[in-house]
Amino acid sequence: LDLFVPQSTGPLPLLIYIHGGGWQYGSKAGDTFEFVKPMVNQGFAVASINYRLSGVEPFPAQIQDVLCAVRYLRSQASSYNINGSKIGLIGISAGAHLAVLAANASGNQEFFKGPYQERSSRVQAVVGMSGIYNLASDDLNTETTKNIEKLLGDSDLEKQNASPGQFVSNNDPAQLIIY
């Protein structure tokens, strides 16, 4: 991850940025700094993270990585001058899918793998921009359908189980969905 922390006398709220790329390309670098600079200028710490891409590891590795990043950053909150009780996710496209899935399904044991398990993966807010939230939809374009199949295979059950809408509850954090 890349972490941007503005000067501050006290711990700052943290936004974790999750890149897009159809789950198969992209990285934390890209044009991230220009995207996160306004948030840093407004007094937020921002972490831009990588996750294992679909050509490297099948689902649920991607969501496991996102939730592990939340737990890691929470475990290092005092070292990085961030407020571990004020963490939000922001994602674009495939990153939006992962951000909203992480917000809605942070308690799913299949997704809760990796280190820092003594920490919570729960976030307080999420922004999803241009994401896919129902991976089993028949209304997706051909490219998106192919990307989902590279991520999950052709199983409708897998597509449903990876859809953030499957996990919606009254306990979910605040969410802003932009499309």
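Is Lys159 buried or exposed in this structure? Lys159 is buried, with a relative accessible area of 8%, and the numbered points below start from this residue before moving to other parts of what is a predicted model.

1. On the salt bridges around Lys159. Lys159 takes part in a salt bridge with Glu149, in which the closest N and O atoms are 3.9 Å apart, and Lys159 also forms a salt bridge with Asp154, where the closest N and O atoms are 3.6 Å apart. Taken together, Glu149, Asp154 and Lys159 make up a network of salt bridges. The pair of Glu149 and Lys159 connects distant parts of the chain, since Glu149 belongs to helix α5 and Lys159 to helix α6 (residues 156–161), with their positions 10 residues apart in sequence.

2. On the accessibility of the partners in this network. Lys159 counts as buried because its relative accessible area, 8%, falls under the 20% limit used for that class. Glu149 is partly exposed at 32% relative accessibility, whereas Asp154 is exposed, with a relative accessible area of 58%. A reader who follows the network from Asp154 to Lys159 thus passes from an exposed residue to a buried one.

3. On the salt bridge between Asp2 and Lys28. The structure holds four salt bridges, and one of them joins the side chains of Asp2 and Lys28, with a distance of 3.0 Å from N to O. This pair, too, links distant parts of the chain, given that Asp2 is in strand β1 (residues 2–4) while Lys28 is in the loop between β2 (12–18) and α1 (32–41), 26 residues apart. Asp2 is partly exposed, its relative accessibility being 26%.

4. On the aromatic pairs. The count of aromatic pairs in the model comes to five. Among them is the edge-to-face pair of Tyr72 and Tyr116, whose ring centres are 5.3 Å apart and whose planes make an angle of 65°. Tyr72 lies in helix α2 (residues 61–75) and Tyr116 in the loop between α4 (94–104) and β5 (125–129), so the pair ties together parts of the chain that are 44 residues apart in sequence. Both residues can be described in terms of their accessibility: Tyr72 is partly exposed, with a relative accessible area of 22%, and Tyr116 is partly exposed at 29%.

5. On other contacts that involve rings. Phe59, Phe111 and Phe167 are linked by ring pairs into a cluster. A contact of another kind concerns Arg71, whose charged end sits over the ring of Phe112, 4.5 Å from the centre of that ring.

6. On the peptide bond after Phe59. Phe59, which belongs to the cluster of rings just described, is followed by a cis peptide bond to Pro60, with omega near 20°. Pro60 itself is found in the loop between β3 (45–49) and α2.

7. On the largest pocket. The largest pocket has a volume of about 180 Å³, and of the 13 residues that line this pocket, Gly22, Ser93, Ala94, Ile132 and Thr144 are the closest to its centre. The elements that contribute two or more residues to the lining are α4 and α5 (142–152), and the largest share, three residues, comes from α5. By type, the lining divides into five nonpolar residues, seven polar residues and one charged residue.

8. On two residues with positive phi. Ser93, one of the residues closest to the centre of the largest pocket, has phi near 60°, a positive value in a residue other than glycine. Ser93 is located in the loop between β4 and α4 and is partly exposed, at 32% relative accessibility. Asn81 likewise has a positive phi, near 60°, and is a residue other than glycine. Asn81 lies in the loop between α3 (77–80) and β4 (82–92), where it is partly exposed, with a relative accessible area of 24%.

9. On Leu135. Leu135 is found in the loop between β5 and α5, and at 2% relative accessibility Leu135 counts as buried. Leu135 and Glu158 are 23 residues apart in sequence, while their C-alpha atoms are 8.9 Å apart in space.

Terms used:
Residues are numbered from 1 along each chain as its sequence is written. This is a predicted model: local features need pLDDT of at least 70, side-chain atom pairs count only at pLDDT 80 or more; totals for chains, interfaces and linings use all residues. Side-chain values use heavy atoms; hydrogens and water are left out. Rings of Phe, Tyr and Trp (its six-membered ring) pair if their centres lie within 6.5 Å; planes under 30 degrees apart count as stacked, over 60 as edge-to-face and the rest as tilted. Helices (H or I, at least four residues) and strands (E, at least two) are DSSP runs, numbered from the N terminus. Buried means under 20% relative accessible area, exposed over 50%, partly exposed in between (1.4 Å probe, protein chains only). A charge sits over a ring if NZ of Lys or CZ of Arg is within 6 Å of the ring centre and within 35 degrees of the ring normal. On a 1 Å grid over the protein atoms alone, a cavity is a set of points where a 1.4 Å probe fits but cannot get out, and a pocket is an open set with protein on both sides within 12 Å along at least five of seven lines; lining residues have an atom within 4 Å of a point. Grid points are joined across faces, edges and corners, and a volume is the space filled by probe spheres set on the points. Ala, Val, Leu, Ile, Met, Phe, Trp, Tyr, Cys and Pro count as nonpolar, Asp, Glu, Lys and Arg as charged, and the others, Gly among them, as polar.
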